[in-house]
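Trainee: I'm new to this one and don't know where to start. Please pick a single part, take a close look at it with me, and then work outwards from there.

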Amino acid sequence: MKRLILVVLAVLLTGLTWAQKKSDAKINNSGKLQISAFGGLSMPQGKYKNEIGRAKNGYFGGLAIDQYFKGNKWGIGIDARFLNHDIRKFDSVFFDNGYIATDYVNHPSFQHIGVSIGPTYKSNFGKLDLEAFLRGGVLFQGFPQYKESVYVHQASGPPLPLFDTQYTSNPKRITKAWMGLGGLRISYALNEHWGVFARADYLRTFGKSFGGDSSEFHITKYAVKKALTASDVLTVNNNAITNINTYYEETPTIQNTYVQAVNVGFGIKYTFGAKRKVAPVAPATKTVAPPVIAAPKDILVVVKDRQTGLALSGVIVKISRNNIDNTSISNADGQAERVLKAEKGAYLITAVKNGIAAEPVAISIADFDNASNVIYKEIYHDDPRFTLIGETVRANDNSKLPGIGTVLTNATNSKNMTQISDGEAKFVYQLEQQSDYNIVANQAGKFSQTEGVTTKGLDRSKTLYVTLKLGVNNLDAGAVFVLKNIHYDFDKSYIRPDAERILDNLLNVMSQNPTLRIELSSHTDSRGKDAYNMRLSQQRAEAAVNYLVSKGVDRNRMVAKGYGETRLLNRCGNGVECSDEEHQANRRTEIKVLKY
């Protein structure tokens with residue numbers, strides 16, 4: 001920031017000095033009015049960018065009107081603009097009996113409208129104009145709202161948010177602040193009216209209040225004493241976490257920051273008035289070479305999975321120098337947010353995902369002596385687990401269905417993990433090697449099959465991601481669902497252990513929806529005598545209902561019905577030759593929603 005201000009002042013001083021030497025230039029002395037439209041990149045600075053605001057590079061756009069006085073040197077201008085800075089979102093953290101997640105109440109971005117007025121100075125060099133401007137006014141600020149909470153699993157039902165680790169604490173989400181603005185425009189005349197220009201300016205707010213309202217962005221945060229890990233357990237008593245002070249300070253701190261940003265962009269302008277008249281510019285008699293200054297460089301960091309070499313998203317990356325961190329989250333291409341125009345020096349790159357840190361990578365002073373304008377570094381993250389990337393979709397058309405709770409169960413140790421699919425309907429879990437898992441939707445009014453996922457037989461050096469689409473149905477009256485993967489031993493009706501896992505999913509659905517009443521039916525294929533198949537299917541349906549009753553479901557909410565071979569799904573009736581696969585399609589267990 002200091003370097004940018006010095007460069008702006010140097011260019012302005014050079015332009016003003018040059019303008020003084022051109023005293024013999026003859027121009028149209030009548031004051032002119034110009035209107036310009038502009039837009040470009042807006043780069044947050046300081047605490048607004050870093051640990052408090054977490055604002056990312058965004059965009060800005062607006063209009064300006066400048067009325068020049070006689071001589072077209074000095075004038076007064078009005079600037080109206082819109083700025084948008086998205087915030088860097090927080091990663092979810094998982095521990096033994098819960099997780100930490102962030103709820104974004106509104107759109108996760110800062111959105112501001114600024115109106116300002118102030119003097120403008122212009123120097124003319126043929127078709128080029130150099131304009132310096134200084135403005136003061138009001139910034140109408142729109143702040144994001146979020147809350148990071150600790151969720152703890154219950155014996156039944158969804159996890160409960162029992163402690164807020166940090167949250168926005170602005171007295172008002174929409175507020176105002178005094179604003180200062182200063183910068184430069186360099187424009188080129190296309191003809192007597194139209195011109196194009198490049199511009200750069202610096203904007204910041206001042207003061208803690210405006211009209212009785214707070215002008216700064218506030219967060220309330222409990223400092224971390226000890227980071228929660230996957231093996232930590234939070235103790236809950238009467239819906240309160242009794243050992244929370246092991247991990248967080250007892251008293252929160254309120255932190256605040258003002259808005260500041262450097263804005264760089266382009267625009268077009270229209271000038272009213274007569275055609276410019278400019279005398280030829282005398283050639284310079286002596287050229288003095290500027291001092292050589294080490295040019296700043298951009299820093300680009302890409303995170304990769306060590307075992308497969310694939311780009312890795314969702315990794316927290318820090319690029320640090322002199323106790324100042326540039327923190328961002330890697331995107332789908334593994335790229336962290338690029339550090340623009342980094343000063344020459346030594347930097348340290350660190351990366352963390354799912355509580356596992358990558359081996360740090362250093363940037364040396366010698367890296368800045370390379371010819372390229374970009375310093376490129378790769379950092380490798382080494383997590384031996386597989387990553388399950390799932391998507392919750394509507395079962396009838398596979399369209400995305402965001403905000404659905406999911407439960408992943410390790411089939412070996414019965415350990416559960418929960419997660420809610422995000423705005424893109426995605427959910428992500430880490431899977432141990434050589435393990436089987438079951439996953440289901442876990443939300444009132446919804447039903448999904450129990451889907452199986454396995455890492456057995458997968459080679460971690462070749463495979464990083466496991467994908468799954470989890471189909472979700474509404475529990476509408478009359479809806480019929482086949483319970484996948486419920487199997488019975490030949491000529492038996494008792495519930496096998498592998499079928500218990502499927503029925504436990506149905507048990508959870510019944511618990512979450514106390515008004516739900518169902519018919520649980522069993523069907524056979526056409527082989528065997530009709531009466532025998534009818535009797536066996538009834539016994540199997542009753543066995544499934546009895547299992548659910550033993551787990552606490554009221555028997556009056558369920559009807560056991562055996563249909564034998566009366567409701568075949570294909571052509572395989574008595575005496576028809578069919579394959580084992582065709583007969584298997586008819587051997588099924590179904591639930592029908594009678595009432596919801």
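Mentor: Let's start with Phe 82, which is partly exposed, because its relative accessible area is 30%. Keep in mind that this is a predicted model. Tyr 59, the residue I'd look at alongside Phe 82, comes out at 45% relative accessibility, so Tyr 59 counts as partly exposed too.

Why put these two together? They make an aromatic pair, and the count of such pairs comes to 19. The ring centres of Tyr 59 and Phe 82 are 6.3 Å apart and the planes meet at 45°, so this pair is called tilted. That label fits because a pair is stacked under 30 degrees, edge-to-face over 60, and tilted otherwise. Now trace the chain: Tyr 59 belongs to strand β2 (residues 58–68) and Phe 82 to strand β3 (residues 74–86), so the pair links distant parts of the chain, 23 residues apart.

Compare that with Phe 110 and Phe 143. Their ring centres sit 6.0 Å apart with the planes at 80°, so here the pair is edge-to-face. Phe 110 is in strand β6 (residues 109–125), while Phe 143 is in the loop between β7 (128–142) and β8 (146–152), so this pair ties together parts 33 residues apart in sequence. Phe 110 and Phe 143 are both buried, and together with Tyr 48 and Phe 217 they form one aromatic cluster.

Rings can have charges over them as well. The charged end of Arg 204 sits over the ring of Tyr 258, at 3.7 Å from the ring centre. Lys 561 does something similar with Tyr 563: its charged end sits over that ring, 5.6 Å from the centre.

Back to β2 and β3 for a moment. In the loop between β2 and β3 you'll find Asn 72, whose phi is near 55°, a positive value in a residue other than glycine. That's worth a second glance because most residues other than glycine have a negative phi. Asn 72 has a relative accessible area of 8%, so Asn 72 is buried. Lys 341 also has a positive phi, near 50°, but its place is in strand β22 (residues 339–342). At 63% relative accessibility, Lys 341 counts as exposed.

Now step back to the whole chain. The domain assignment gives domain 1 (1–13 + 29–272), domain 2 (297–381), domain 3 (385–474) and domain 4 (478–595). Between the C-alpha centres of domain 1 and domain 4 there are 59 Å. The structure also holds 2 cavities of 30 Å³ or more. The second largest has about 60 Å³ of space, and because domain 2 and domain 3 both give residues to its lining, this cavity lies between them. Among the lining residues are Asp 305, Lys 353, His 381, Asp 383, Arg 385 and Arg 460. The lining divides into 2 nonpolar, 4 polar and 5 charged residues.

One last stop: helix α3 (residues 497–512), where Ile 502 is found. With a relative accessible area of 5%, Ile 502 is buried. Leu 483 is 19 residues away from Ile 502 along the chain, and their C-alpha atoms are separated by 7.4 Å.

Key: Residues numbered from 1 in each chain as written. Predicted model: local features only at pLDDT ≥ 70, side-chain atom pairs only at ≥ 80, totals over all residues. Heavy atoms only, no water. Phe/Tyr/Trp six-rings, centres within 6.5 Å; stacked < 30°, edge-to-face > 60°. Helix = DSSP H or I, 4+ residues; strand = E, 2+ residues; numbered from the N terminus. Buried < 20%, exposed > 50% of the residue type's maximum accessible area, 1.4 Å probe, protein only. Lys NZ or Arg CZ within 6 Å of the ring centre and 35° of its normal. 1 Å grid on protein atoms, 1.4 Å probe; cavity = no way out; pocket = protein on both sides within 12 Å on 5 of 7 lines; lining within 4 Å. Points joined across faces, edges and corners; volume = space filled by probe spheres on them. Nonpolar A, V, L, I, M, F, W, Y, C, P; charged D, E, K, R; others polar. Domains from an automatic or database assignment.
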